[in-house]
Amino acid sequence: MDNDVSAGNTTTTIAGRLALGITLLAFGLGHTALIDGVTAADAVSVAHYVGGVALFVAGLLALRERDPANGTAFAVLGAMWFTWAVTDGARGSGNAAGLFLLLFALVALSLTLAGGDQLGQGVHGLLFVSLVLLAVAVFADSSALAEVAGWFAVAAGAVAWYAATAARAHWPTVLQRRAAPGRGVTATG
């Protein structure tokens, strides 16, 4: 592993990743039923203020700092969390909720495929899987599938938290790629 902390080590990026991590952990744990009496509805305040407002502001600040990758991700995901929080409990259909989740799963997929640092791609990839599983769970009315989706959100939150902490604490943020056997080594003689 390499101690490359150049990617995502600005204060704005660190704050954005912490906000995303906290939101994903609260949202995911609410779906897992791991903590007795804690549901996804209990994450609404965190999603509204931390995931929605704070993440959106971090996105705008990152864009101002000429960081389009994190700025776009934070602003769009902030809008998603804000919308989810203010519409929670609204009298919409289950299919509308599933469609909302699928649309933002596509956003998470775009963020994953757009590149960036490995940890950011990992967060967005895990979020994509979580949102797809949760959308299917909503369409199928499956609490078991929603619980699996929650675990993927927890994993995404943990990776986002690690990415923020690693940048600040100068921990490894990049996996070193090894050369395939027989490659990169030349014989002299």
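The following exchange walks through the helices, core, largest cavity and some buried residues of a predicted model.

Colleague: To begin with the overall layout, which pattern does the chain follow when read along the sequence?
Modeller: This is a predicted model, and its chain has six helices and zero strands. Read along the sequence, the chain therefore has helices as its elements, since helices and strands are taken as DSSP runs numbered from the N terminus, and the pattern is α-α-α-α-α-α.

Colleague: What share of the contacts in the chain with a separation of 6 or more comes from residues 24 or more positions apart?
Modeller: The chain has 189 residues, of which buried residues make up 38%. Among the contacts with a separation of 6 or more, the share that comes from residues 24 or more positions apart is 72%.

Colleague: Which helix gives the most residues to the largest nonpolar core?
Modeller: This core holds 32 residues, and those that touch the most other members are Leu20, Leu24, Leu55, Trp81, Trp84 and Leu131. Two or more residues come from each of helix H1 (11–32), H2, helix H3 (68–87), helix H4 (94–113), H5 and helix H6 (143–169). The helix that gives the most to this core, with seven residues, is H3.

Colleague: Leu55 is among the core residues that touch the most other members, so which tryptophan does Leu55 touch, not counting residues up to four places away in sequence?
Modeller: Leaving those neighbours out, Leu55 touches residues including Gly16, Ala19, Leu20 and Val50. Its partners also include Phe74, Ala75, Leu77 and Gly78, and the tryptophan among them is Trp81.

Colleague: Which helix gives the most to the lining of the largest cavity?
Modeller: The structure holds two cavities of 30 Å³ or more, and about 60 Å³ of space lies in the largest. Its lining consists of Arg17, Leu20, Asn70, Phe74, Gly120, Val123, His124 and Ala160, which by class are four nonpolar, three polar and one charged residues. At least two lining residues come from each of H1, H3 and H5, and the helix that gives the most, with three residues, is H5.

Colleague: Is Ser130 buried or exposed, and which residue offers a backbone oxygen 2.8 Å from a polar atom of its side chain?
Modeller: Ser130 lies in helix H5 (residues 118–140), and Ser130 counts as buried because its relative accessibility is 1%, where buried means under 20%. Beyond its neighbours within four places in sequence, Ser130 is in contact with Ala149, Phe152 and Ala153. The backbone oxygen that lies 2.8 Å from a polar atom of the Ser130 side chain belongs to Ala149.

Colleague: How far apart are the C-alpha atoms of Ala62 and Gly16?
Modeller: Ala62 has its place in helix H2 (residues 44–64), and Ala62 is buried, because its relative accessible area is 0%. Residues up to four places away in sequence aside, Ala62 touches Thr12, Asp67, Asn70 and Gly71. Gly16 is 46 residues away along the chain, and the two C-alpha atoms are separated by 8.8 Å.

Colleague: Which residue has a side chain joined to that of Thr13 by a polar contact of 3.3 Å?
Modeller: Thr13 is found in helix H1 and counts as buried, because its relative accessibility is 0%. One polar contact, of 2.9 Å, joins the side chains of Thr13 and Thr10. The side chain joined to that of Thr13 by a polar contact of 3.3 Å is that of Asp67.

Conventions:
Residues are numbered from 1 along each chain as its sequence is written. This is a predicted model: local features need pLDDT of at least 70, side-chain atom pairs count only at pLDDT 80 or more; totals for chains, interfaces and linings use all residues. Side-chain values use heavy atoms; hydrogens and water are left out. Helices (H or I, at least four residues) and strands (E, at least two) are DSSP runs, numbered from the N terminus. Buried means under 20% relative accessible area, exposed over 50%, partly exposed in between (1.4 Å probe, protein chains only). A polar contact is a pair of N or O atoms within 3.5 Å; within protein, one must be able to donate a hydrogen and the other to accept it, and residues adjacent in sequence count only if both atoms are side-chain atoms. Contact means heavy atoms within 4.5 Å. A nonpolar core is a set of buried Ala, Val, Leu, Ile, Met, Phe, Trp, Tyr and Cys residues joined through side-chain atoms within 4.5 Å. On a 1 Å grid over the protein atoms alone, a cavity is a set of points where a 1.4 Å probe fits but cannot get out, and a pocket is an open set with protein on both sides within 12 Å along at least five of seven lines; lining residues have an atom within 4 Å of a point. Grid points are joined across faces, edges and corners, and a volume is the space filled by probe spheres set on the points. Ala, Val, Leu, Ile, Met, Phe, Trp, Tyr, Cys and Pro count as nonpolar, Asp, Glu, Lys and Arg as charged, and the others, Gly among them, as polar.
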